[in-house]
Amino acid sequence: MKKLMATVLLALMAAGVCSAQWYVGGAISYGTKHTTTGNDVRTSEFSFTPRVGYVFNDRMLAGLQLNMGGIAPYFRYNVATAGRFTFGLEATLSVMFGKTKQSALQTQSVGLGVAPVVSFGLTEHWWAEAYMQLFALNYTGVKDADGTVRSSTFNFGFDADNIFSFSALHFGVVYRF
């Protein structure tokens, strides 16, 4: 997947699609959830997602972000600009594979998400960003060592956890070269 993304980016650069620039950065999110079904459980989630990408023009950019256990290529299309603010939509394809050390369970997960994004140009090179994963289409499968499927889930849409939890809200900073 990394080779494919790099090949596409290099091909577009070589074709002279636009005056473009590379960027690096990352985003953080933190949220808590309180569940009262059965037991009274509070969970907290903190995440940091480093990013690298390429700005093709004022409207389009693409890149890769690293999530825990996987990579996620993404594409952003900016729909409007107001002064230093830019408003866009970002589509992310997340791919994760893993195996637990305690058992021979293998996990695979593939997801497609769409998020609204607000960017603010702090300077010519520094940009602050905020985005919230509101819509997602996910598949997760867990297999035994012999290939027997233990569980498989398929999720579609958004829910109250995304809207009312800060864990779906990401704040980040990127530096454009």
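**Thr86 and the strands around it**

Thr86 lies in strand β5 of this predicted model, and it makes a handy starting point for a first tour. Is Thr86 buried or exposed? With a relative accessibility of 9%, Thr86 falls under the 20% limit and therefore counts as buried. Beyond the neighbours within four places in sequence, Thr86 is in contact with Asn78, Ala80, Thr81, Val117, Val118, Ser119 and Trp127. Several of these contacts come up again below.

To set the scene, the protein chain has 177 residues, of which 32% are buried. Its secondary structure amounts to two helices and 10 strands. Followed along the sequence, these elements appear in the order α-β-β-β-β-β-β-β-β-β-α-β. The accessible surface of the chain is about 11,000 Å², and carbon and sulfur atoms account for 65% of that area. Of the contacts between residues at least 6 apart in sequence, 51% link residues at least 24 apart.

Strand β6, which spans residues 106-121, offers a good view of how the strands are arranged. Which way do β5 and β6 pair? The two strands are antiparallel and share 15 bridges. One of the paired positions is Thr92, whose bridge partner in β6 is Gly113. Strand β6 is also joined to β8 (residues 135-143), again in the antiparallel sense, through nine bridges. Here Thr107 stands opposite Val142 of β8. A further antiparallel pairing, with five bridges, connects β6 to β7 (residues 126-132). In this pairing, Val117 has Tyr131 of β7 as its bridge partner. A hairpin of four residues leads from β6 to β7.

Strand β8 also holds Gly141. Because its relative accessibility is 3%, below the 20% cut-off, Gly141 counts as buried. Gly141 and Gln108 are 33 residues apart along the chain, yet their C-alpha atoms are separated by 5.4 Å.

Attention now turns to the surface. Which residues form the nonpolar patch there? The patch consists of Phe75, Tyr77, Val79, Phe85, Phe87 and Val118, with a combined accessible area of about 500 Å². Strands β4 (70-82) and β5 (85-99) each contribute at least two of the patch residues, and β4 gives the largest share, with three. Val118, by contrast, is found in β6. Its relative accessible area of 34% lies between the 20% and 50% limits, so Val118 counts as partly exposed. As a general point, side chains in a regular strand alternate between the two faces of the sheet. Val118 is also among the contacts of Thr86, which links the patch to the starting residue of this tour.

Inside the protein, the largest nonpolar core is a set of six residues: Tyr23, Val55, Leu61, Tyr74, Trp127 and Val174. Trp127, a member of this core, is in contact with Thr86. Where else does Trp127 make contacts, apart from neighbours within four places in sequence? Besides Thr86, its contacts include Arg84, Ser119, Phe120, Gly121 and Leu122. Gly172, Val173, Val174 and Arg176 are in contact with Trp127 as well. Among these, Val174 is itself a residue of the core. Ser119 is in contact with both Thr86 and Trp127.

Taken together, buried Thr86 is in contact both with Val118, part of the nonpolar surface patch, and with Trp127, part of the largest nonpolar core.

Terms used. Residues numbered from 1 in each chain as written. Predicted model: local features only at pLDDT ≥ 70, side-chain atom pairs only at ≥ 80, totals over all residues. Heavy atoms only, no water. Patch = residues over 30% accessible without salt bridge, like charges linked within 9 Å, V, L, I, M, F, W, Y side chains within 5 Å. Areas by Shrake-Rupley, 256 points an atom, 1.4 Å probe, with all protein chains shown as cover. Salt bridge = Lys/Arg side-chain N within 4 Å of Asp/Glu carboxyl O. Buried < 20%, exposed > 50% of the residue type's maximum accessible area, 1.4 Å probe, protein only. Pairing = 2+ DSSP bridges. Contact = heavy atoms within 4.5 Å. Core = buried A, V, L, I, M, F, W, Y, C linked by side-chain atoms within 4.5 Å.
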